[in-house]
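Here are some friendly notes for a first look at this structure. Keep the view open while you read, and take the points in order.

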Amino acid sequence: MNAIVTAIKEVYGLFVEDGSYAAGILIWLVFAIVVFAHVQRLGGFRAPILLAGLLALLVENVVRSARRLKANN
Amino acid sequence: MFAWAHAGTAFTASFLASLVEFVEALTIVLAVGSVRGWRSAFIGTGLGALFLAALVLFFDPALQRVPIGTLQVVIGILLLLFGMRWLRKAILRYAGVIGMHDEAAIYEKQTSKLAEVIPSRRTAIDKIALATSFKAVTIEGLEVVFIVIATGAAGRNIVPAVAGAALAGCLVILLGIAVHRPLTQVPENTLKFAVGIILSAFGVFWVGEGLHLGWPGSDLSLIGLAVVFLLVSLLAVRLARMSVRQTAL
């Protein structure tokens, strides 16, 4: 049983380190998938929009984490 | 040319990521071998490698049956979670927010921990040595398996991905035999930064492909995506440093 719990934790840890960051990525992807399926007007901008959202999440999380981790030290 | 671009990227991502993970596994196996004997360390390593190979052999044929569009979206999402996690950590390390990965320190910690436990004299196999080296190889190797399957399966490029991981494995083993101590000269943090960029680029590319978003330049946009991730990551390092300085004031 312990081995199974450890294995599940290891697999979870492969993808999630900062919960809010992983949740943000997932929410953005689901939002993009739903919006892109319904709004056809975006056309060729859909791929760059998808990328821009992910990059914004990365920068926001890094800056926030840097501030939080340094404040805790 | 496009097929080569895909195969080359799958090979490179798999090779670099595997290099990092195998170096980390080697540190623990070396610690186990030097403190508790090489026989059990090698058996644990071999069993771990067999387990990882079995995972690849099981998952790759199973994933071949999944429709390519669905596979690309699912693998793309997982690659984004995985790659952007690596990238975030690498950026925070470069910004000086968290400490750099130190193989020598890990080796020292492992050897002193293993030396504290008295080995059992009843059996020829040291269970602690076997379990520690098995665990090190499987835990570090799990990331390699994921990268091999993810970069290989979504683009139907499993052979170059496996070849990249195998080459990295052979290289690390040969270097380990040659130097007989942790590979502290391998620039792990830089490699992790690079792999995070490649995997994130792969992830967003596959999600876009699976959703038929149409990347400008088609398959070659992978290179452009990697460049964009690199530039934004370098900007993020600067912003994180500035943020730390402001917090310190």
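**Notes on the two chains**

1. Let us begin with a pair of helices in chain A: α2(A) and α3(A) are roughly antiparallel to each other, because their axes cross at roughly 165° and any angle over 145 degrees counts as roughly antiparallel. Please bear in mind that this is a predicted model. Helix α2 of chain A covers residues 19-38 and helix α3 of chain A covers residues 46-72, and their axes come within 10 Å. The crossing in which α2(A) passes α3(A) is right-handed.

2. To find this packing on screen, look for the residues that meet. From α2(A) come Tyr21(A), Gly24(A), Ile25(A), Trp28(A), Ala32(A) and Phe36(A). Across from them, α3(A) offers Arg46(A), Leu50(A), Gly53(A), Leu54(A), Leu57(A) and Asn61(A).

3. What does chain A look like as a whole? Its secondary structure comes to three helices and zero strands, running α-α-α from the N terminus on. The radius of gyration of chain A is 17 Å, well over the 11 Å that the globule rule gives for 73 residues, so chain A is more spread out than a compact globule. Its C-alpha atoms fill a box of roughly 50 × 35 × 10 Å along the principal axes. Of the 73 residues in chain A, 22% are buried.

4. Chain B is also built from helices: eight of them, with zero strands, in the pattern α-α-α-α-α-α-α-α along the sequence. Here the radius of gyration is 20 Å, close to the 18 Å that the globule rule gives for 249 residues, so chain B is as compact as a globular protein of that length. The box filled by the C-alpha atoms of chain B is roughly 65 × 55 × 25 Å, and 53% of its 249 residues count as buried.

5. How are contacts in chain B spread along the sequence? Taking contacts between residues at least 6 apart in sequence, 89% join residues at least 24 apart.

6. Now to the inside. The largest nonpolar core has 97 residues, and Ile91(B), Ala201(B) and Ala240(B) are those with the most contacts inside it. Helix α1 of chain B (residues 2-36) gives the most to this core, with 19 residues. Ala240(B) is a nice one to click on: leaving aside neighbours within four places in sequence, Ala240(B) is in contact with Val62(A), Val63(A) and Ala66(A) from chain A, and with Ile91(B), Leu92(B), Ala95(B) and Val97(B) from chain B.

7. Where do the two chains meet? There are 36 residues of chain B in contact with 28 residues of chain A. On the chain B side, α3 (68-94), α5, α7 and α8 (221-248) each supply at least two residues. The most comes from α3(B), with twelve residues.

8. Val204(B) sits in helix α7 of chain B (residues 188-210). Is Val204(B) buried or exposed? Val204(B) is buried, because 30 other C-beta atoms lie within 10 Å and 20 or more are enough to count as buried. Not counting residues up to four places away in sequence, Val204(B) touches Leu50(A), Leu51(A) and Leu54(A), together with Gly76(B), Leu80(B) and Leu225(B). For a sense of scale, the C-alpha atoms of Val204(B) and Trp38(B) are 43 Å from each other, with their positions 166 residues apart along the chain.

9. A helix pair in chain B deserves a look too. Helix α2 (residues 38-64) and helix α5 (residues 127-153) of chain B pack at an angle of about 25°, with their axes 8 Å apart. That angle makes α2(B) roughly parallel to α5(B). Their crossing is right-handed.

10. Phe42(B) belongs to helix α2 of chain B. With 16 other C-beta atoms within 10 Å, Phe42(B) is partly exposed. Phe42(B) and Val32(B) are ten residues apart in sequence, and their C-alpha atoms are 9.4 Å apart in space.

11. Finally, please check His212(B), in the loop between α7 and α8 of chain B. Most residues other than glycine have a negative phi. The phi of His212(B), however, is near 60°, a positive value. His212(B) is exposed, with 10 other C-beta atoms within 10 Å.

Methods: Residues are numbered from 1 along each chain as its sequence is written. Chains are lettered from A and ligands numbered from 1 in the order in which they are written. This is a predicted model: local features need pLDDT of at least 70, side-chain atom pairs count only at pLDDT 80 or more; totals for chains, interfaces and linings use all residues. Helices (H or I, at least four residues) and strands (E, at least two) are DSSP runs, numbered from the N terminus. The radius of gyration is taken over C-alpha atoms; the globule rule is 2.2 Å times the number of residues to the power 0.38. A residue is buried if 20 or more other C-beta atoms lie within 10 Å of its own, exposed if 12 or fewer, and partly exposed in between; C-beta atoms are placed from the backbone. Two residues are in contact if their C-beta atoms, placed from the backbone, lie within 7 Å. A nonpolar core is a set of buried Ala, Val, Leu, Ile, Met, Phe, Trp, Tyr and Cys residues joined through C-beta atoms within 7 Å. Axes are lines fitted to C-alpha atoms, for helices over the stretch in contact, and angles run from 0 to 180 degrees between N-to-C directions. Angles under 35 degrees count as roughly parallel, over 145 as roughly antiparallel, 65 to 115 as roughly perpendicular and the rest as oblique. A crossing is left-handed if the near helix is turned anticlockwise from the far one by less than a right angle, and right-handed if clockwise.
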